[in-house]
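Follow the chain below with an eye on its helices, its charged side chains and its nonpolar interior. The walk begins with one glycine and works outward from there.

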Amino acid sequence: KKIMSTLSRFKHESPFEVRDKAREIEAYLMKICMNEKYFPKRYRFVLTTDLLDDAHKMVDYLEAANLLPLNPTFAERRETYARYAYIKCENILRKFDLAENLGLPIPNGTMVDIITRMVNEETLINNWIKSDNERLKVTD
């Protein structure tokens with residue numbers, strides 16, 4: 001019962017688009033990586049394990065950054081976590097590029113969707129960093 005109450009807590013948090021989109025990407029990538037049509041068994045362990053680890057860490061970094069208060073004491077650490085999440089986006093894109101170079105049968109439409117989602121997430125992360133920096137200037 002405690003696990004369910006912990007999980008339900010996440011469903012009722014206030015909207016935070018950069019994190020919410022990252023969670024959607026995480027679930028979407030998990031479904032893709034589990035699909036044998038896209039990732040045959042011999043590639044699943046060597047490629048999808050790292051790919052999903054990047055997706056999980058992307059969300060973890062965004063959540064860690066958001067837990068820190070926006071003040072001069074924590075601003076640098078908060079931005080660092082956000083930048084780590086951005087790097088994880090790049091890592092995910094690179095691994096899908098590798099999958100494509102290996103000739104894995106990921107449909108073109110799915111690749112376009114993945115690229116679009118990741119580029120949008122990178123934009124959200126950059127905008128969040130800019131917004132934090134502007135808000136910090138106002139409080140100085």
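Start at Gly-103. This residue follows helix α4, and its phi is positive, near 80°. The model is a predicted one, so read every value here as computed from predicted coordinates.

Now step back into α4 itself. The helix covers residues 75-101, 27 residues in total. From first C-alpha to last it reaches 39 Å, close to the 39 Å expected at 1.5 Å a residue. Many of its side chains deserve a look. Among the buried residues of α4 are Ala-75, Arg-78, Ala-82, Lys-88, Cys-89, Lys-95 and Phe-96. That list includes charged residues, and two of them come back below.

Zoom out for the overall fold. The protein chain has 5 helices and 0 strands. Along the sequence the pattern reads α-α-α-α-α. Of the 140 residues, 36% are buried. Consider the contacts with a separation of 6 or more: residues 24 or more positions apart account for 74% of them. The chain exposes about 8900 Å², and carbon and sulfur atoms supply 55% of that area.

Next, the interior. Which residues touch the most other members of the largest nonpolar core? They are Leu-29, Phe-39, Met-58, Leu-62, Phe-96, Met-118 and Ile-125, out of 35 residues in that core. The elements giving two or more residues to this core are α2 (17-33), α3, α4 and α5. Helix α3 gives the most, with 9 residues. Take Met-118 as a sample. Leaving aside neighbours within four places in sequence, Met-118 is in contact with Ile-25, Met-58, Cys-89, Ile-92 and Leu-93.

Turn to the charges. Side chains of opposite charge can pair when their charged atoms come close. A search of the whole structure finds 11 salt bridges. One of them joins Arg-78 to Asp-132, with the closest N and O atoms 2.6 Å apart. Arg-78 lies in α4 and Asp-132 in helix α5 (residues 108-139), so this pair ties together parts that are 54 residues apart in sequence. How buried are the two partners? Arg-78 counts as buried at 6% relative accessibility, and Asp-132 is buried with a relative accessible area of 8%.

A second bridge links Asp-54 and Lys-88, with the closest N and O atoms 3.3 Å apart. Asp-54 sits in helix α3 (residues 41-67) and Lys-88 in α4, 34 residues apart, so the pair links distant parts of the chain. Asp-54 counts as buried at 4% relative accessibility. Lys-88 counts as buried too, at 13%. Salt bridges that share partners join Asp-54, Lys-88 and Lys-95 into one network.

Set beside these the bridge between Arg-44 and Glu-36, where the closest N and O atoms are 4.0 Å apart. Arg-44 is partly exposed, with a relative accessible area of 21%. The cut-off for buried is under 20%, so Arg-44 falls outside that class.

Finish with Glu-121, in helix α5. What does this residue lack? Glu-121 is buried yet has no salt bridge. The nearest side chain of opposite charge is Lys-21, 7.8 Å away. A salt bridge needs the nitrogen within 4 Å of the carboxyl oxygen, so this pair does not qualify. Leaving aside neighbours within four places in sequence, Glu-121 is in contact with Val-18, Lys-21, Ala-22, Ile-25, Met-58, Leu-62 and Cys-89.

Conventions. Residues are numbered from 1 along each chain as its sequence is written. This is a predicted model: local features need pLDDT of at least 70, side-chain atom pairs count only at pLDDT 80 or more; totals for chains, interfaces and linings use all residues. Side-chain values use heavy atoms; hydrogens and water are left out. Helices (H or I, at least four residues) and strands (E, at least two) are DSSP runs, numbered from the N terminus. The expected span of a helix is 1.5 Å times one less than its number of residues. Buried means under 20% relative accessible area, exposed over 50%, partly exposed in between (1.4 Å probe, protein chains only). A nonpolar core is a set of buried Ala, Val, Leu, Ile, Met, Phe, Trp, Tyr and Cys residues joined through side-chain atoms within 4.5 Å. Contact means heavy atoms within 4.5 Å. Lys and Arg count as positive and Asp and Glu as negative; His and the chain ends are not counted. Accessible areas come from the Shrake-Rupley method with a 1.4 Å probe; for residues, only the protein chains shown count as cover.
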